[in-house]
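This briefing is meant to be read with the sequence and the 3D view side by side. Please look at both before going on to the points below.

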Amino acid sequence: MNTTPIKLVAGKMSAAAPERPIQSHREDRLGREGFIRHLTVYGAGRSLSYNEVDTLRREGLKLKADGYRMKDMVRYVVNSKVFLEK
């Protein structure tokens, strides 16, 4: 089955290049924060308090400058207070 979208241009149909779905800021934030939170819970071996989650969220925004690379997120969690004081 062909899933290439069809565009109507000046009365003619043409195949358009597949576009990446647009994610809202909220979806992006939830995915990123969720990953960092789950990784921290796994690493610490316990659930997190509200203050710990809030701190992870605020401090995790520093990762935006580098595009939330996976290795940066893992390093962030490993060097976090929650992980080091488990």
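In helix 3 of this predicted model, the residues Asp 72, Met 73, Tyr 76 and Val 77 are buried. Seen down the axis of helix 3, these buried residues fall within an arc of 135 degrees, so they line one face of the helix. A general rule helps in reading such a pattern: an α-helix has 3.6 residues a turn, so residues three or four places apart point the same way.

**The chain as a whole**

- The chain contains four helices and two strands, and their order along the sequence follows the pattern β-β-α-α-α-α.
- The chain has 86 residues, of which 23% count as buried.
- Among the contacts in the chain with a separation of 6 or more, 42% are between residues that lie 24 or more positions apart.

**Two residues of helix 3**

- Val 77, which is found in helix 3, counts as buried because its relative accessibility is 3%, and the cut-off for being buried is under 20%.
- When neighbours within four places in sequence are left aside, Val 77 is in contact with Ile 36, Leu 39, Thr 40 and Phe 83.
- Although Val 77 and Ala 44 are 33 residues apart along the chain, their C-alpha atoms are separated by 9.5 Å.
- Tyr 76, again leaving aside neighbours within four places in sequence, is in contact with Ile 36, Thr 55, Leu 56, Glu 59, Gly 60 and Leu 63.

**The largest nonpolar core**

- Which residues make up the largest nonpolar core? There are ten in all, namely Ile 36, Ala 44, Leu 48, Leu 56, Leu 63, Tyr 68, Met 73, Tyr 76, Val 77 and Val 82.
- Helix 1, which covers residues 25-44, and helix 3, which covers residues 70-78, each supply at least two residues of this core.
- The largest share of this core comes from helix 3, which gives three residues.

**Helix 2 and its two sides**

- In helix 2, the residues Glu 52, Leu 56 and Gly 60 are buried.
- Seen down the axis of helix 2, the buried residues fall within an arc of 60 degrees, so they line one face of the helix.
- On the other side of helix 2, by contrast, Tyr 50 and Asn 51 are exposed.

**The largest pocket**

- The largest pocket holds about 220 Å³ of space, and its lining consists of Arg 46, Asn 51, Glu 52, Thr 55, Leu 56, Glu 59, Tyr 76, Ser 80, Lys 81, Val 82 and Glu 85.
- Sorted by character, the residues of this lining divide into three nonpolar, three polar and five charged.
- Helix 2, at residues 50-60, and helix 4, at residues 81-84, each supply at least two residues of the lining, and the largest share, five residues, comes from helix 2.
- Leu 56 appears in the lining of the largest pocket and also in the largest nonpolar core, and Tyr 76 likewise belongs to the lining and to the core.
- Is Lys 81, one of the lining residues, buried or exposed? At 61% relative accessibility Lys 81 counts as exposed, because the cut-off for being exposed is over 50%.
- Lys 81 has its place in helix 4, and its C-alpha atom is separated by 9.0 Å from that of Glu 52, which is 29 residues apart from it along the chain.

**The loop between helix 2 and helix 3**

- Tyr 68 has its place in the loop between helix 2 and helix 3, and with a relative accessible area of 17% it is buried.
- The phi of Tyr 68 is near 50 degrees, which is a positive value in a residue other than glycine. For background, most residues other than glycine have a negative phi.
- Leu 61 is also placed in the loop between helix 2 and helix 3, but at 43% relative accessibility it counts as partly exposed.
- Not counting residues up to four places away in sequence, Leu 61 touches Arg 32 and Tyr 68.
- The C-alpha atoms of Leu 61 and Glu 33 are separated by 9.2 Å, and these two residues are 28 residues apart along the chain.

Note on methods. Residues numbered from 1 in each chain as written. Predicted model: local features only at pLDDT ≥ 70, side-chain atom pairs only at ≥ 80, totals over all residues. Heavy atoms only, no water. 1 Å grid on protein atoms, 1.4 Å probe; cavity = no way out; pocket = protein on both sides within 12 Å on 5 of 7 lines; lining within 4 Å. Points joined across faces, edges and corners; volume = space filled by probe spheres on them. Nonpolar A, V, L, I, M, F, W, Y, C, P; charged D, E, K, R; others polar. Core = buried A, V, L, I, M, F, W, Y, C linked by side-chain atoms within 4.5 Å. Buried < 20%, exposed > 50% of the residue type's maximum accessible area, 1.4 Å probe, protein only. Contact = heavy atoms within 4.5 Å. Arc of directions from axis to C-beta.
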